[in-house]
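Notebook open, model loaded. I want to go through strand pairing, then the pocket, then the charged contacts.

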Amino acid sequence: MYTKPRKPAWLSRAYPDRRRAEPIKQPPLTATAAPLECRGKDIIHRQRGLEELGVMDPRRLKGHKATATYCIASHDRPGLVVTAGEDGCVCWFDLRCKDAQLIMEVGTEPVSSLCFKPGNENFLYVSSGKDVKCFDVHLGNSWKPLESYSYNKEEINQVACNLKSTFLAAVDDGGDIKIIDTNQKCLYKTIRSGHSSICSTVQFLPWRPWEVITGGLDSKLVMWDFSKGRPLKIVDFGSPNLKNSSNTSSQCFNPAYVHSIAVPEIDMLEKSEKVCAVGRGDGVVDVINIEAEVSFARSKTSAKPRKGSQSTLKETTETADCDIQRLHLDYSMGGHTAAVSCVAFSTFGERGKFIVSSGNDKSVKFWDWFKYLDQGRTSNEHDLLHLNINLTKKVNWLCTTPADSENLVICDTTKVVKVYSAS
């Protein structure tokens with residue numbers, strides 16, 4: 001009988017200091033990969049060659065009264081950063097200024113996630129408890145929500161808005177995906193069939209207007225056609241048939257739960273492929289080609305008689321997972337030695353050039369995955385780690401800004417948000 005896994009306390013980002021992550025069993029570090037050490041300080045260095053960039057005192061953004069849980073950066077207004085916390089507040093920071101410009105008191109429950117309304121960043125969607133609220137920053141200190149949605153029956157883990165700002169997705173502890181029509185201000189569809197456990201993360205695909213991708217604590221990544229309410233492809237990272245799955249010899253004590261996913265923005269696609277970066281509980285960052293996965297699944301499905309969509313999809317999933325090549329960034333390449341909490345595509349410099357990941361091993365890593373694309377997937381994958389930042393606290397969430405400096409924002413297990421300069 002399947003037993004629903006217990007949700008880690010840190011996933012709700014309500015009690016991040018209580019995280020407990022077992023280390024990955026790994027070989028001894030070599031001289032070219034050994035991290036630098038500095039007590040009480042955060043240190044940044046290049047992983048290969050140990051080119052030290054020096055001890056960095058990050059800029060500190062103060063405004064929260066409890067642990068900061070989430071952060072996003074504006075695309076339209078460089079330097080604008082919005083953060084959320086356990087104190088039920090949302091803080092707006094202008095990096096050109098010293099203090100928080102606005103502090104919104106959303107409620108008494110911790111804020112689990114945020115997202116701007118694409119095309120109009122004066123509007124902000126906030127998830128807290130089982131509710132999603134929309135606020136207009138122009139309303140000043142009168143923080144009454146313009147919209148409020150209470151369709152989820154369990155605690156919401158993340159919200160995301162599609163490129164046209166017509167749909168909002170909210171995923172929760174019950175494994176449900178609620179798709180909300182923001183024009184009609186009503187529930188569009190509830191999707192339940194994909195995840196057998198907590199659904200932890202969600203993103204819309206900007207190049208496919210009717211598709212969304214989710215990840216959960218059942219170790220599954222699900223690609224959906226939400227207009228029909230059915231999955232197009234399921235990747236089970238816990239499957240023994242999956243290449244580079246968590247059941248290999250590199251398995252750590254933690255299962256391959258999907259904690260975070262990221263997709264490139266639409267203006268990154270000229271250089272980037274249409275992929276998804278996946279942060280896993282076993283310390284691995286996977287990069288999956290979504291178009292190849294879905295096309296392969298559809299070809300397998302069309303080649304078989306359809307007696308039932310579920311059984312056909314199961315066969316397609318198991319077969320395709322064995323045949324499609326994926327970029328697999330693990331500890332043997334200098335990767336994380338504990339669960340990956342967040343992944344993102346960089347927005348500074350050459351947009352999308354780096355996949356940025358953070359973990360319970362108190363580190364942030366920059367992966368130059370464009371090098372992998374430029375050399376036709378023949379490059380030495382051990383050279384993809386561009387930069388490593390060792391911190392003193394575990395990371396709840398991160399984001400990047402378009403600026404040349406002060407372009408990495410980190411919410412760790414304290415109430416102070418840190419800002420670093422990375423390149």
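Entry 1. I started at a single pair: Cys276 sits opposite Ile288 of β22. This is a predicted model, so I am reading everything here as computed from it. Cys276 falls in β21, which covers 275–280. I then looked up how β21 and β22 are joined: they run antiparallel, with five bridges between them, and β22 spans residues 285–289.

Entry 2. Next I zoomed out to the sheet around that pair. It is an open sheet of four strands, in the order β20-β21-β22-β23, and the pairing is antiparallel. Which strands stand at the edges? They are β20 and β23 (327–329); each has a single partner strand, so one side of each has no neighbour in the sheet. I also pulled the twist: neighbouring strands are turned by 20 degrees against each other on average, direction ignored.

Entry 3. I went back along the chain to another open sheet of four strands, ordered β8-β9-β10-β11 and paired antiparallel. Its edge strands are β8 (111–117) and β11 (147–149), each pairing on one side only. Here, too, I noted an average turn of 20 degrees between neighbouring strands, ignoring direction. Inside this sheet, β9 (residues 120–128) and β10 (residues 131–136) are antiparallel partners over six bridges. I picked one position to look at: Val126 has Lys133 in β10 as its bridge partner.

Entry 4. Pocket check. The largest pocket holds about 1100 Å³ of space. How many residues line it? I get 44, and nearest the centre are Ala73, His75, Gln203, Val263 and Glu265. Elements giving two or more residues to the lining include β4 (68–73), β8, β12 (156–161), β16 (199–204) and β20 (258–262). So far as character goes, the lining divides into 29 nonpolar, nine polar and six charged residues.

Entry 5. Glu265 came up again when I went through the charged contacts. The count is 16 salt bridges. In one of them, the side chains of Arg351 and Glu265 meet at 2.5 Å, N to O. I checked where the two sit: Arg351 is in the loop between β24 and β25 (354–359), Glu265 in the loop between β20 and β21, and the two are 86 residues apart. I wrote that down as a link between distant parts of the chain.

Entry 6. Last, a record lookup. The unreviewed UniProt entry lists "repeat: WD" for residues 192–234 and 333–368. I ran the second range against the model: residues 333–368 come out as 0% helix and 50% strand, with the end C-alpha atoms 12 Å apart.

Definitions and conventions:
Residues are numbered from 1 along each chain as its sequence is written. This is a predicted model: local features need pLDDT of at least 70, side-chain atom pairs count only at pLDDT 80 or more; totals for chains, interfaces and linings use all residues. Side-chain values use heavy atoms; hydrogens and water are left out. Two strands pair if DSSP finds at least two bridges between them. Axes are lines fitted to C-alpha atoms, for helices over the stretch in contact, and angles run from 0 to 180 degrees between N-to-C directions. UniProt positions are given in the numbering used here, feature names are shortened, and annotations may be inferred rather than shown by experiment. On a 1 Å grid over the protein atoms alone, a cavity is a set of points where a 1.4 Å probe fits but cannot get out, and a pocket is an open set with protein on both sides within 12 Å along at least five of seven lines; lining residues have an atom within 4 Å of a point. Grid points are joined across faces, edges and corners, and a volume is the space filled by probe spheres set on the points. Ala, Val, Leu, Ile, Met, Phe, Trp, Tyr, Cys and Pro count as nonpolar, Asp, Glu, Lys and Arg as charged, and the others, Gly among them, as polar. A salt bridge is a side-chain nitrogen of Lys or Arg within 4 Å of a carboxyl oxygen of Asp or Glu.
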